[in-house]
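Reader: I should like to examine this model through a series of questions. Please show the sequence and structure before we begin.

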Amino acid sequence: MPNHAADHVILSGCSGGGKSTLLLELARRGFATVPEPGRRIVAEERRGDGKALPWVDMEAFARRALALAAQDRAMVAGHTGWVFFDRGLIDAAVALHHAAGVPPAETLADTPRFHREVFLTPPWPEIYHADAERQHDMSEAEAEHQRLLTAYEALGYETVILPKTGVQARAGFLLSRLG
C-alpha cells in the first residue's frame with residue numbers, strides 16, 4: 001500500500017482559534033477530515049470516571065490522545081488526496097512533553113512525517129470561549145500556542161499562521177497554500 005503521509009495536513013495552534021470550524025468547512029468542501037482527539041477523549045472521560053481529563057491528569061490525557069491519534073492516522077493511511085487533522089499526533093506529543101518531559105522527537109521517532117506545512121490558528125481573543133471540553137483561560141491557550149509553534153519548528157515543519165478571517169476565506173487561504 002502506498003504511503004500518503006505527505007497528504008496529511010495538520011491544523012494546530014491556539015485553543016479556541018477556529019480549528020474545528022475550519023475542519024467542518026473543509027469537510028463541507030469534500031475533503032477527508034479527522035476530528036480532534038482531545039475533545040473526543042474529554043467527552044468520553046466525562047461520561048466515565050474522568051481520570052484522564054487534561055485538568056485532572058495531563059500525562060494520562062496526552063497518552064490517550066497519542067493512542068487515539070495513531071488510530072486515526074492508521075485509518076486514513078491509504079486515502080488518496082488531502083486529509084486534514086484537527087490536532088493529532090504531534091500536538092499530543094507536545095502535550096506529553098509539557099506534562100511529563102518526554103521530548104516530542106522521541107515520542108514521534110517511528111511516525112511518518114505529515115505534510116511539510118502545518119497550519120496554526122493564532123490566539124484570537126474575540127472568538128475564544130471556554131466550554132465543557134476547553135476549561136483553560138486565554139493565557140493558557142496562548143502559552144499552548146507558543147509551545148506548539150516552537151515544537152513544530154524544532155521538528156522541521158514549516159509553520160503557517162492562518163489569518164484571522166471568516167472560515168470560507170481561511171479555507172481558501174489554506175487550500176491556495178497547498179496548491
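The questions below go from the chain as a whole to its strands, two of its helices and a pocket.

Reader: How many helices and strands does the secondary structure of the chain come to?

Author: The model is a predicted one. From the N terminus, its elements run in the order β-α-β-α-α-β-α-α-β-α-β-α. The secondary structure therefore amounts, with helices and strands taken as DSSP runs, to 7 helices and 5 strands.

Reader: What percentage of the contacts in the chain with a separation of 6 or more is due to residues 24 or more positions apart?

Author: The chain has 179 residues, of which 47% count as buried. Among contacts with a separation of 6 or more, the share of residues 24 or more positions apart is 73%.

Reader: How many of the residues of β1 are buried?

Author: Strand β1 covers residues 8–13. On one side His8, Ile10 and Ser12 are buried, and on the other Val9, Leu11 and Gly13 are buried as well. Both faces of β1 are thus covered, and the count of buried residues is 6 of 6.

Reader: Which residue of β4 is the bridge partner of Leu11?

Author: Strand β1 pairs with β3 in the parallel sense over 4 bridges. It also pairs in the parallel sense with β4, over 3 bridges. In β4, the bridge partner of Leu11 is Phe119.

Reader: Which residue of β3 is the bridge partner of Val9 and also stands opposite Thr33?

Author: Strand β2 (residues 32–34) runs parallel to β3 and is joined to it by 3 bridges. On the β1 side of the pairing, His8 has Val83 as its partner in β3. In β3, Val83 and Phe85 point one way, whereas Phe84 and Asp86 point the other way, and all are buried. The residue opposite Thr33, which is also the bridge partner of Val9, is Phe84.

Reader: Why do the buried residues of α7 lie on the same side of the helix, and what arc do they cover?

Author: Helix α7 (residues 167–178) has 12 residues and spans 17 Å from its first C-alpha to its last, close to the expected 16 Å. Its buried residues are Arg170, Ala171, Leu174, Leu175 and Leu178. In an α-helix, residues three or four places apart point the same way because there are 3.6 residues a turn. The buried residues of α7 are on the same side because the arc they cover around the axis is only 130°.

Reader: Which exposed residues does the face of α7 turned away from its buried side carry?

Author: The cover over the buried residues of α7 includes β1, α1 (19–28), β3 (83–86) and β4 (117–121). After the helix comes Gly179, with a positive phi near 85°. The face turned away from the buried side carries the exposed residues Gln168 and Ser176.

Reader: Is His145 buried or exposed?

Author: His145 belongs to helix α6 (residues 138–154). Beyond its neighbours within four places in sequence, it is in contact with Gly13, Cys14, Leu120, Thr121, Pro122, Pro123 and Ile161. Its relative accessible area is 7%. Because the cut-off is under 20%, His145 counts as buried.

Reader: Which helix gives the most to the lining of the second largest pocket?

Author: The second largest pocket holds about 160 Å³ of space. Of its 13 lining residues, those closest to the centre are Ala70, Arg73, Leu89, Thr111 and Pro112. With 4 residues in the lining, the helix that gives the most is α3 (residues 58–75).

Notes: Residues numbered from 1 in each chain as written. Predicted model: local features only at pLDDT ≥ 70, side-chain atom pairs only at ≥ 80, totals over all residues. Heavy atoms only, no water. Helix = DSSP H or I, 4+ residues; strand = E, 2+ residues; numbered from the N terminus. Expected span 1.5 Å × (residues − 1). Buried < 20%, exposed > 50% of the residue type's maximum accessible area, 1.4 Å probe, protein only. Arc of directions from axis to C-beta. Contact = heavy atoms within 4.5 Å. Pairing = 2+ DSSP bridges. 1 Å grid on protein atoms, 1.4 Å probe; cavity = no way out; pocket = protein on both sides within 12 Å on 5 of 7 lines; lining within 4 Å. Points joined across faces, edges and corners; volume = space filled by probe spheres on them.
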